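Visitor: Please teach me how to read a structure like this one, feature by feature.

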Amino acid sequence: QVGRWQDNKRLLLDTVALNPAHYQAHLGLSDIYLTEGNELKAAEHYLEIIKHTPAFAPAYAGLGKIPFDLGHFERAEHFFRMAYERDSNDWLATLGLARTMAQLGKLEEAQSLLTDAIAKGVRNSNVLQAELDRVRALER
């Protein structure tokens, strides 16, 4: 398994060396680096995506996940909000922003984001519904 992982990483690194604008390869590398615990390298690849594809919401959501996981919720909010502004139908942007709002005590905003996304049929609405239920429970 590890050998295959390293092969994939090597392939993705070769891909971005040949085509620095290949956002899918950068996204794959970001995922690998996050899994390895190397947030700095992951962020570098998210920033490369943004440099070449500035409207790609998942790159901003990925940048939001890094400070969120470290407990820096105000910083996470900045990136998740940027992701959401670029694509309000991106379920990860919605989920990330709603979770961040909940962590910051902005429960009404979190509920509103989730309710709106579920109503308009955003992909993975079952995950969004579970988060909505969790946020509602925080109010009790």
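Visitor: Which residues in α7 meet residues in α8?

Guide: This is a predicted model, in which local features need pLDDT of at least 70 and side-chain atom pairs count only at pLDDT 80 or more, while totals for chains, interfaces and linings use all residues. Residues are numbered from 1 along each chain as its sequence is written, and side-chain values use heavy atoms, with hydrogens and water left out. Contact means heavy atoms within 4.5 Å, and on the α7 side Leu107, Glu108, Ala110, Gln111, Leu114, Thr115, Ala117 and Ile118 take part. Their partners in α8 are Ser125, Leu128, Gln129, Glu131, Leu132, Val135, Arg136, Leu138 and Glu139. By class, this contact divides into nine nonpolar, four polar and four charged residues (Ala, Val, Leu, Ile, Met, Phe, Trp, Tyr, Cys and Pro count as nonpolar, Asp, Glu, Lys and Arg as charged, and the others, Gly among them, as polar).

Visitor: At what angle do the axes of α7 and α8 cross?

Guide: Two packed helices are described by the angle between their axes and the distance between the axes. The axes are lines fitted to C-alpha atoms, for helices over the stretch in contact, with angles from 0 to 180 degrees between N-to-C directions. Here the axes of α7 and α8 (residues 125-139) cross at roughly 155° and come within 9 Å, and α7 and α8 are therefore roughly antiparallel to each other (the term for angles over 145 degrees, with under 35 being roughly parallel, 65 to 115 roughly perpendicular and the rest oblique). Their crossing is left-handed, meaning that the near helix is turned anticlockwise from the far one by less than a right angle, whereas clockwise would be right-handed.

Visitor: How do α6 and α7 cross, and which residues meet there?

Guide: The axes of α6 (residues 91-103) and α7 (residues 107-119) cross at roughly 160° and come within 7 Å, which makes α6 roughly antiparallel to α7, and this crossing is left-handed. Thr94, Leu97, Ala98, Met101 and Ala102 of α6 meet Leu107, Glu109, Ala110, Leu113, Leu114 and Ala117 of α7, a contact of nine nonpolar, one polar and one charged residues.

Visitor: How many helices and strands does the protein chain have?

Guide: The chain has eight helices and zero strands, where helices (H or I, at least four residues) and strands (E, at least two) are DSSP runs numbered from the N terminus. The C-alpha atoms of the chain fill a box of roughly 50 × 25 × 25 Å, taken along the principal axes.

Visitor: At what angle do α4 and α5 pack?

Guide: For α4 and α5 (residues 73-86) the angle is about 165°, with the axes 7 Å apart, so α4 and α5 are roughly antiparallel to each other. The crossing of α4 and α5 is left-handed. Their contact includes Tyr60, Leu63 and Phe68 of α4 together with Phe73, Phe79 and Met82 of α5, and by class it has 12 nonpolar, one polar and three charged residues.
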